[in-house]
Amino acid sequence: MTDADTTTTTADWQAWQKSWDRQQEWYLPDREERFRIMLDMVEALVGTAPRVLDLACGTGSITARLLARFPEATSTGVDLDPALLAIAEGTFAGDERVSLVTADLKDPDWPAKLPYDSYDAVLTATALHWLHREPLADLYGRVAGVVRDGGVFMNADHMIDETTPRINAAERAQRHARMEQAERDGVLDWSQWWQLAAKDPVLAEPTARRYEIYGEHADGDMPSVAWHARVLREKGFAEARPVWCSPSDTLLLALR
């Protein structure tokens, strides 16, 4: 239970979810497409009633889309951000299909906090790029330990091929030009969204705590698709390859 649950002030959780989605789509205009392909592959490999671990779940964006498409699915969301978890808790309150866990993915013991020993699928999107290579490789090893045999792990994130610098520069310039135009049209960016959260009666306190934990937003490494696939195989997955990509991002699937 968060502090938001114990106060007489209430929040419009669906409005906060929509606001978060709009802010994320400013960075990721193809965000819904990656979610659709992710759930296509869940259905293809583990069926329509999977037990899912929503890794670095944030507000529960993946969980919401999972349950809308597969009503018989269950989801465990794990994250450390108090504010985003407050939104997730408000959104899924009373839904027995969803459990939420507060844990630091850099803590080697985080899997012990999960309600299940194994999952059919572990899903994450645009969240692990804040980890550097060594802790990310360690995390992949722990993820392999909670995916059942025949289960899947999918990570949709920024994966940069350093062998194509001119292509990368052109893509980045076009993406930033589009983002600047959207911002002129009134779309909130990351920092502006958090400024709003800090002023909200319910989210102000958990937002202050999240800044104590994280400070300002900072990226870790964004290694190539080949690096991710190699490390996942080294950590215990039998197969790993991209199943979707955009000019800047990749959805990589690994099969146990």
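Is Trp194 buried or exposed? With a relative accessibility of 1%, Trp194 counts as buried, because the cut-off for that word is under 20%. Keep this residue in mind as we walk through the structure, which is a predicted model.

Let's begin with the sheet. Seven strands form an open sheet, and their order across it is S3-S2-S1-S4-S5-S7-S6, with mixed pairing. Strand S3 (98-102) and strand S6 (239-245) stand at the edges; each has a single partner strand, so one side of each is left without a neighbour in the sheet. From one strand to the next, the twist averages 20 degrees.

Now look at the edge where S6 sits. Its partner is strand S7 (residues 249-255): six bridges join S6 to S7, and the two run antiparallel. To find a spot to look at, pick Ala240, which stands opposite Ala254 in S7. Helix H9 (residues 225-234) lies across S6 and S7 as well as strand S5 (147-158), and H9 runs at about 15 degrees to S7.

H9 turns up again when we turn to helix H5 (residues 133-146). You can check this helix with a little arithmetic: at 1.5 Å a residue, its 14 residues should span 20 Å, and the end C-alpha atoms of H5 are 20 Å apart, which agrees. Which residues of H5 are buried? They are Leu136, Ala137, Leu139, Tyr140, Val143, Ala144 and Val146. What covers these buried residues includes strand S1 (51-55), strand S4 (119-125), S5 and H9.

The next stop is helix H1 (residues 13-27). Here 15 residues at 1.5 Å each should span 21 Å, and the end C-alpha atoms are 22 Å apart, which agrees. The buried residues of H1 are Trp13, Trp16, Gln17, Ser19, Trp20, Asp21, Gln23, Gln24 and Trp26. Several helices help to cover them, including H2 (31-46), H3 (61-69), H4 (82-92), H6 (165-184) and H7 (190-199).

One of those helices, H3, holds Arg65. Arg65 counts as buried, at 18% relative accessibility. Leaving aside its neighbours within four places in sequence, Arg65 is in contact with Asp21, Arg31, Glu32, Phe35 and Leu39. Asp21 is also among the buried residues of H1.

Finally, let's look at the aromatic rings. A pair of aromatic rings is described by the distance of the centres and the angle of the planes. The count here comes to eleven aromatic pairs. In one of them, Tyr116 and Tyr119 meet edge-to-face, at 5.9 Å centre to centre with 85 degrees between the planes. The two partners sit in unlike surroundings: Tyr116 is partly exposed, with a relative accessible area of 35%, whereas Tyr119 counts as buried at 1%.

That brings us back to Trp194. The ring centres of Trp193 and Trp194 are 4.9 Å apart and their planes are at 85 degrees, so this pair is edge-to-face. Trp193 counts as buried, at 0% relative accessibility. Both belong to a cluster that ring pairs link together: Trp16, Trp20, Trp190, Trp193, Trp194 and Tyr211. Arg210 joins the scene too, as its charged end sits over the ring of Trp194, 4.2 Å from the centre. Arg210 also lies over the face of Tyr211, at 5.0 Å from the ring centre.

Terms used:
Residues numbered from 1 in each chain as written. Predicted model: local features only at pLDDT ≥ 70, side-chain atom pairs only at ≥ 80, totals over all residues. Heavy atoms only, no water. Pairing = 2+ DSSP bridges. Helix = DSSP H or I, 4+ residues; strand = E, 2+ residues; numbered from the N terminus. Axes fitted to C-alpha atoms, helices over the stretch in contact; angles between N-to-C directions. Contact = heavy atoms within 4.5 Å. Phe/Tyr/Trp six-rings, centres within 6.5 Å; stacked < 30°, edge-to-face > 60°. Buried < 20%, exposed > 50% of the residue type's maximum accessible area, 1.4 Å probe, protein only. Lys NZ or Arg CZ within 6 Å of the ring centre and 35° of its normal. Expected span 1.5 Å × (residues − 1).
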